[in-house]
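I opened this model to go through its fold, its charged pairs and its rings. My notes follow in the order in which I looked things up.

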Amino acid sequence: MSMTKTTTSLSEQIFEREKQAFGRLKVNLLNDPNYLNKFVAVVGGQVVDSDFDESVLAQRVYEKHGYIPIYIEKVELEEEVLEVPSPELA
């Protein structure tokens, strides 16, 4: 009998916590003009930096905090997707 054990590394667990923190912070970030349409970096459950350029932001955060798991996402309003049925041809 073989059992597959699913394990996640500590880095993956930390990354997931940072991602969840972003989800909790997003509403406030959307209402803050300092973050709207910028990428933000989350470390320790807090936004530590932001930039319009994701690569520049990542490099700056790694230089300041070391090579640790960080979560970066753009703060933007989600586009509403509407499904419109095609008119039926007679």
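**Entry 1: a loop residue.** I began at N37, which is partly exposed with a relative accessible area of 40%. The model is a predicted one, and I keep that in mind for each value below. N37 sits in the loop that runs between α1 (10–30) and β1 (39–43). I checked its backbone and found a positive phi of about 70°, although N37 is not a glycine.

**Entry 2: overall make-up.** I counted two helices and three strands in the protein. Read from the N terminus, the order of elements is α-β-β-α-β. Of the 90 residues, 24% are buried. I then took the accessible surface, which comes to about 7300 Å². Carbon and sulfur atoms hold 52% of that surface. For the contacts with a separation of 6 or more, I asked what share joins residues 24 or more positions apart. That share is 46%.

**Entry 3: the sheet.** In what order do the three strands lie in the sheet? I read it as β2-β1-β3, an open sheet with antiparallel pairing. The edge strands are β2 and β3 (71–74), each of which pairs on one side only. Neighbouring strands are turned by 25° against each other on average, with direction ignored. I also looked at what lies against the sheet. Helix α2 packs on it and touches β1, β2 and β3. The direction of α2 makes about 135° with that of β2.

I went into one strand pair in more detail. β1 and β2 run antiparallel and are joined by five bridges. Within this pair, V42 stands opposite V47 of β2.

**Entry 4: salt bridges.** Side chains of opposite charge can pair when their charged atoms come close. How many salt bridges does a search of the whole structure find? The search gave me two.

One of them is between D49 and R60, with the closest N and O atoms 2.6 Å apart. D49 is in strand β2 (residues 46–51) and R60 is in helix α2 (residues 54–65), so this bridge ties together parts that are eleven residues apart in sequence. I noted a salt bridge between the side chains of D51 and R60 as well, at 3.1 Å from N to O. D49, D51 and R60 are thus listed in my notes as a network of salt bridges.

I next asked whether each of these residues is buried or exposed. D51 has a relative accessible area of 18%, so it counts as buried, the limit being under 20%. D49, at 22%, is partly exposed. R60 is also partly exposed, with a relative accessibility of 32%.

**Entry 5: a lysine in α1.** I looked up K26, which lies in helix α1. Its relative accessibility is 15%, and K26 therefore counts as buried. Which residues does K26 contact once its neighbours within four places in sequence are left aside? I found E76 and E78.

**Entry 6: F15 and its surroundings.** F15 is placed in helix α1. At 34% relative accessibility, F15 counts as partly exposed. Leaving aside neighbours within four places in sequence, I found F15 in contact with P69, I70 and Y71. I also took the C-alpha to C-alpha distance from F15 to V42, which is 9.3 Å. In sequence, F15 and V42 are 27 residues apart.

**Entry 7: rings.** I closed with the aromatic pairs, and the count comes to three. Y62 and Y67 have ring centres 4.7 Å apart and planes at 35°, so I entered the pair as tilted. Y62 is partly exposed, at 28% relative accessibility. What is the relative accessibility of Y67, and is it buried or exposed? I read 75%, and Y67 counts as exposed. Ring pairs also link F15, F22 and Y71 into a cluster. Y71 had already come up in Entry 6 as a contact of F15.

Key: Residues are numbered from 1 along each chain as its sequence is written. This is a predicted model: local features need pLDDT of at least 70, side-chain atom pairs count only at pLDDT 80 or more; totals for chains, interfaces and linings use all residues. Side-chain values use heavy atoms; hydrogens and water are left out. Helices (H or I, at least four residues) and strands (E, at least two) are DSSP runs, numbered from the N terminus. Buried means under 20% relative accessible area, exposed over 50%, partly exposed in between (1.4 Å probe, protein chains only). Contact means heavy atoms within 4.5 Å. Accessible areas come from the Shrake-Rupley method with a 1.4 Å probe; for residues, only the protein chains shown count as cover. A salt bridge is a side-chain nitrogen of Lys or Arg within 4 Å of a carboxyl oxygen of Asp or Glu. Two strands pair if DSSP finds at least two bridges between them. Axes are lines fitted to C-alpha atoms, for helices over the stretch in contact, and angles run from 0 to 180 degrees between N-to-C directions. Rings of Phe, Tyr and Trp (its six-membered ring) pair if their centres lie within 6.5 Å; planes under 30 degrees apart count as stacked, over 60 as edge-to-face and the rest as tilted.
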